Structures are given as C-alpha cells and as structure tokens.
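Visitor: I would like a close look at one part of this model, the paired side chains. Please take one pair in detail and then go on to the others.

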Amino acid sequence: MKVLIVYAHPEPSSFCAALKDAAVEAIREGGHDAIVSDLYAEGFNPVAGRHDFLDAADTKRFHYQNEQLHAARTSGFADEIVREQARVAAADAIVFLFPLWWGGPPAILKGWIDRVLAYGFAYVDGRRFDSGLFQSKRSLLCVTTGGTPARFTAEGVYGEIDKVLWPIQRLTLDYMGLAAEEPFVCYAAPRVEPEVRASYLQTFSDRLITMLGKGPTAGPQETAPLLAEPGAWTRQA
C-alpha cells in the first residue's frame, strides 16, 4: 500500500518528527511505500486565494469554492496544489501527524486542508460521508498534546479528546468518505518520561502496521481527477 504522511511541525528535533520518522520506517519495513508532505520543510503556503488557480471562472467576483470546481474541471490548480493532490490521489492511506495547538491543528495544516482537499477533487455535491469520494482510502490522525490524559476527559478542563478532534476527524476525514481509524494521541508528549515516549513510538508503529494489514478498503474505487506526478512514490532517503 502507498501511505501519504501529511506532517505539520516546524522543528526537526520535536517528538512529532520522531513519530514521523518511526512511521516511515515501520511502513517501509512492512513492505509498503511512504511519502511525506513535510509542510514546513517544503514551505507550503496555507493561505488560500486567487493564486491557487491558473485562471478564473469569474474575474469579477471571487468565490473560492466555485474557482476550485473550475480548476478541477480544467486542470487549473497552481503547481503546489497539483503536487499535493497527486500525492493524495495516489495514496491508499493518509496519515495526518501534528501537534494540538489551541485545540486544533497548526494553521499550516488547516491551510493544506482548505487548499488541497478542494471542491471538485475531494468532495462534490451528493458525495460526502458514506458516499464520499475517498471510500477506498484509509486514514489515521496522530496527535501530540501538551496536556495530560486527565485534562482531555468529560471532567477535565479541555473536554473529551473526541470532541476536541471532531472538526478534523468527523468534518474532514469522515466527510470525504475516508475509512478513518481511531485517532492515536500522545498525551503530554513534552513532559513524559523517555520510556513513555518510546512506548508511544512503538505503539504508533504497531497501529500503522495493523491498519495497513487490513489492505485496501471495500469502498468503491473512484477515478481521481489527477494522476500522481512521475516519481511521486520514489523512496526518499
């Protein structure tokens, strides 16, 4: 299987980076292919706008969703978006790996979702949730937090983690029809003992292998609007 890791952390020595490296190693040792969209390292621009498109459906009034649909129909997305959509289209599974900042993903990942998972590419009218376009793909959230498990409970100050992650788990992954696994959460990553972090790394690797061992989903295979660019799945050093 081909796995896309959408990784959003600016620091190469972070625990998120260690999780990313462990994921790539586990995926490849399991006989699968991995590619990483390292959003900070690649300088991904999270700001949506007219620059996302090569031309305009309406030059007088900018309506982002309408322009996305026009671009999907005319191969009119900017190169950065084409690259990321090609990776998404080729993937059998997508892993989103990020720290929890202010109750959600970093802005760079939210911008990736806004720009890459475009109308006409990742969803269309009448094709959402159980009828979503990406039913053939698996997905997994991997999240690090500063807060302890006790803080992410019904009695805790932050509330239950499922509710915190609802916007991305339900209204992004489920919305597109992805076969979403239960999120993997590394609580209090900056403050736990080294052996706990080692356990997180091993358990995350095991979760990935278990997910990939399920093989492709039973969902319908869609004709992707974009094809992977040549060399997209070349193994990286």
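Guide: Start with Lys110 and Asp114, whose side chains form a salt bridge with 2.7 Å from N to O. This is a predicted model. Both Lys110 and Asp114 belong to helix α4, which covers residues 107-116. They stand 4 residues apart, about one turn of that helix. An α-helix has 3.6 residues a turn, so residues three or four places apart point the same way. Side chains of opposite charge can pair when their charged atoms come close.

Next comes the question of how far each partner is open to the outside. Lys110 has a relative accessibility of 43%, which lies between the limits of 20% and 50%, so Lys110 counts as partly exposed. Asp114, with a relative accessible area of 32%, is partly exposed for the same reason, because 32% also falls between those limits.

A similar arrangement is found in helix α6, residues 166-174, where Arg170 and Asp174 are 4 residues apart and therefore separated by about one helical turn. Arg170 forms a salt bridge with Asp174, and the closest N and O atoms are 3.4 Å apart. Arg170 is partly exposed at a relative accessible area of 30%. Asp174 is also partly exposed, with a value of 21%. Elsewhere, salt bridges that share partners join Glu42, Arg83, Glu84 and Arg87 into one network.

Another salt bridge links Glu160 with Lys163, with 3.6 Å between the closest N and O atoms. Here Glu160 is partly exposed, at 34% relative accessibility. Lys163 reaches 60%, and because the limit for exposed is over 50%, Lys163 counts as exposed. In total, the count comes to 12 salt bridges.

Lysine side chains also meet aromatic rings in this model. The charged end of Lys20 sits over the ring of Tyr7, at 5.2 Å from the ring centre. Lys137 lies over the face of Phe134, and there the distance to the ring centre is 5.6 Å.

Rings also pair with rings. A pair of aromatic rings is described by the distance of the centres and the angle of the planes. The structure holds 13 aromatic pairs. In one of them, Phe53 and Tyr64 have ring centres 5.6 Å apart and planes at 55°; that angle is neither under 30 nor over 60 degrees, so the pair is tilted. Phe53 lies in the loop between β2 (33-38) and α2 (64-74), while Tyr64 is in helix α2, so the pair ties together parts that are 11 residues apart in sequence. Phe53 is buried, because its relative accessible area of 9% is under 20%. Tyr119 and Tyr123 make another tilted pair, with ring centres 5.2 Å apart and planes at 45°. Both Tyr119 and Tyr123 are buried. As for Phe53 and Tyr64, they form one aromatic cluster together with Phe62 and Phe77.

Tyr64 leads on to helix α2 and back to the starting point. Tyr64 is one of the buried residues of α2, alongside Glu67, Gln68, Leu69, Ala71 and Ala72. The buried residues of α2 pack against α4, the helix that holds Lys110 and Asp114. Just after α2, Ser75 takes a positive phi of about 55°.

Definitions and conventions
Residues numbered from 1 in each chain as written. Predicted model: local features only at pLDDT ≥ 70, side-chain atom pairs only at ≥ 80, totals over all residues. Heavy atoms only, no water. Phe/Tyr/Trp six-rings, centres within 6.5 Å; stacked < 30°, edge-to-face > 60°. Helix = DSSP H or I, 4+ residues; strand = E, 2+ residues; numbered from the N terminus. Buried < 20%, exposed > 50% of the residue type's maximum accessible area, 1.4 Å probe, protein only. Lys NZ or Arg CZ within 6 Å of the ring centre and 35° of its normal. Salt bridge = Lys/Arg side-chain N within 4 Å of Asp/Glu carboxyl O. Contact = heavy atoms within 4.5 Å.
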